[in-house]
Amino acid sequence: MIWIVFYGQTQAVRCRNVLAKNGIAGLLRKPPRPANAQHTCIWAVGIPPENEQQARQICLNHNVRPNFWMDQAGRVL
């Protein structure tokens, strides 16, 4: 699972909705905590790794700006 991480729930919900309209089902939840995380209010949209490149392009095209992308182990991509 790849996590598209935001510092607010509203942005994460918008991202999930934009991805869904473009054919990528995302899971909205609190992500695994990254080692360097200082924020407890982070929310994320989880997607399968094979959809990462397509999701990045969709985010760019729709002006969705995640704070960072993270893998399942909590490493920032």
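Two strands count as paired if DSSP finds at least two bridges between them. The model used in these exercises is predicted.

**Exercise 1. Pairing of S2 and S3**

Find how many bridges join S2 to S3, and which residue of S3 stands opposite Leu 28.

*Solution.*
- Step 1. Count the bridges: 3 of them join S2 to S3.
- Step 2. Apply the cut-off, which asks for at least two bridges.
- Step 3. Read the direction: S2 and S3 run antiparallel.
- Step 4. Look across from Leu 28. Val 45 in S3 stands opposite.

**Exercise 2. The sheet and its helices**

Work out the order of the strands, then state which helices pack on the sheet.

*Solution.*
- Step 1. The 4 strands form an open sheet, ordered S2-S3-S1-S4, with antiparallel pairing.
- Step 2. Take the ends of that order. S2 (27–29) and S4 are the edge strands, and each pairs on one side only.
- Step 3. Check the turn. On average, neighbouring strands are turned by 25 degrees against each other, direction ignored.
- Step 4. Add helix H1 (residues 9–21). H1 packs on the sheet and touches S1 (2–6), S2 and S3. The direction of H1 makes about 20 degrees with that of S3.
- Step 5. Add H2. This helix also packs on the sheet, touching S1, S3 and S4. Its direction makes about 165 degrees with that of S4.

**Exercise 3. The two sides of H2**

Explain why the buried residues of H2 line one face of the helix.

*Solution.*
- Step 1. List the buried residues of H2: Glu 52, Ala 55, Ile 58 and Cys 59.
- Step 2. View them down the axis of H2. They fall within an arc of 125 degrees, so they line one face.
- Step 3. Recall the helix geometry. An α-helix has 3.6 residues a turn, so residues three or four places apart point the same way.
- Step 4. Find the partners. The buried residues of H2 pack against S1, H1, S3 and S4.
- Step 5. Turn to the other side of H2. Gln 53, Leu 60 and Asn 61 are exposed there.

**Exercise 4. Ile 47**

Decide whether Ile 47 is buried or exposed, and name some of its contacts.

*Solution.*
- Step 1. Place Ile 47 in strand S3 (residues 43–47).
- Step 2. Its relative accessible area is 0%, and buried means under 20%, so Ile 47 is buried.
- Step 3. Residues touching Ile 47 include Ile 4, Leu 19, Ala 55 and Trp 69.
- Step 4. Ala 25 is another contact. Ile 47 and Ala 25 are 22 residues apart in sequence, yet 7.0 Å apart in space, C-alpha to C-alpha.

Note on methods
Residues are numbered from 1 along each chain as its sequence is written. This is a predicted model: local features need pLDDT of at least 70, side-chain atom pairs count only at pLDDT 80 or more; totals for chains, interfaces and linings use all residues. Side-chain values use heavy atoms; hydrogens and water are left out. Helices (H or I, at least four residues) and strands (E, at least two) are DSSP runs, numbered from the N terminus. Buried means under 20% relative accessible area, exposed over 50%, partly exposed in between (1.4 Å probe, protein chains only). Contact means heavy atoms within 4.5 Å. Axes are lines fitted to C-alpha atoms, for helices over the stretch in contact, and angles run from 0 to 180 degrees between N-to-C directions. The arc is that of the directions from the helix axis to the C-beta atoms.
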